[in-house]
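The following exercises concern the strands and one helix of a protein chain. Each task is followed by a solution that proceeds step by step.

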Amino acid sequence: MPLNRTQKKELTDEYKGIIDQSAGFVIFEYRGITVEEVTNLRNKIREAGGVTRVVKNRMLKRAIEDRPYPELNEHLTGPNAIIFSGDDPVAPVKNLMDFVKEHENLKIKAGVVNDTFLDAAQVEQLSKIPPKDQLYAKILGGIKAPASNILGCVKGAHQKLHGLIKALAEKIEDAA
């Protein structure tokens with residue numbers, strides 16, 4: 001059933017709101033997968049903090065017409081779905097790419113991260129980046145490492161000094 005003008009405006013506004021709240025999104029063609037497979041994909045994306053929507057191309061075009069990525073319009077043809085990420089743009093994309101490897105019917109078209117357009121190859125590269133929480137852990141580990149190394153050196157020097165004093169005391173006792 002076709003949408004009336006009010007419904008089209010509401011859908012466009014909904015897309016704008018979701019885009020404003022997400023760190024990025026990826027558009028893919030979902031032709032050739034079953035309802036069960038789509039449900040599995042939605043669950044995987046939801047676990048990663050994202051949302052999967054089947055989109056109306058014309059309404060999405062209207063939602064992004066004032067955005068700095070006009071090249072996205074050429075990818076809005078055919079049956080498309082879109083994955084909106086939450087704060088972490090990587091985790092949902094990683095789950096999508098894992099799903100694409102299992103289901104060759106899916107075709108990644110394009111994406112956007114922080115208002116930067118990404119083609120399909122760049123979306124695949126994005127999926128290879130560790131998720132945000134792992135990056136934070138690596139950064140904290142890098143910050144913590146020098147302090148741990150200094151502490152190890154100080155503790156090691158203390159133990160070596162203790163060993164030298166003990167050996168000297170034993171030598172003096174043996175000499176006496």
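**Exercise 1. Determine how far β4 is enclosed in this predicted model.**

Solution. Begin with the burial of the strand, where a residue counts as buried when its relative accessible area is under 20%. In β4, 6 of the 7 residues meet this criterion, so the strand is largely enclosed by the rest of the structure.

**Exercise 2. Establish which bridges join β4 to β1 and to β5.**

Solution. Step one treats β1: this strand and β4 are paired over 6 bridges, in the antiparallel sense. Two residue pairs illustrate the register. F25 has V112 of β4 as its bridge partner, and E29 has K107 of β4.

Step two treats β5. Here 4 bridges connect β4 and β5, and the two strands run antiparallel. One of the bridge pairs is formed by G111 and L118, the latter in β5.

Step three examines the connection. β4 and β5 make a hairpin with 2 residues between them, and N114, located in the turn, has a positive phi of about 50 degrees.

**Exercise 3. Derive the strand order of the sheet and identify the strands at its edges.**

Solution. The sheet is open and contains 5 strands, arranged as β2-β3-β1-β4-β5 with antiparallel pairing. β2 (51-54) and β5 each have a single partner strand and stand at the edges, so one side of each lacks a neighbour in the sheet. From one strand to the next, the twist averages 20 degrees.

As general background, strands of a sheet pair through backbone hydrogen bonds, in either a parallel or an antiparallel sense.

**Exercise 4. Describe how α5 packs on the sheet, which of its residues are buried, and what caps its N-terminal end.**

Solution. First, locate the contacts: α5 packs on the sheet and touches β1, β4 and β5, and its direction makes about 100 degrees with that of β5.

Second, list the buried residues of α5 (residues 120-127): V123, L126 and S127. Viewed down the helix axis, the buried residues of α5 fall within an arc of 100 degrees, so they line one face of the helix.

Third, identify the cover. The elements over these buried residues include β1 (24-29), α4 (90-102), β4 (107-113) and β5 (116-119).

Finally, consider the N-terminal end of α5. D119 caps this end, with a side-chain oxygen 3.2 Å from the backbone nitrogen of A121.

Key:
Residues numbered from 1 in each chain as written. Predicted model: local features only at pLDDT ≥ 70, side-chain atom pairs only at ≥ 80, totals over all residues. Heavy atoms only, no water. Buried < 20%, exposed > 50% of the residue type's maximum accessible area, 1.4 Å probe, protein only. Arc of directions from axis to C-beta. Contact = heavy atoms within 4.5 Å. Polar contact = N/O pair within 3.5 Å; in protein donor to acceptor, adjacent residues only side chain to side chain. Pairing = 2+ DSSP bridges. Axes fitted to C-alpha atoms, helices over the stretch in contact; angles between N-to-C directions.
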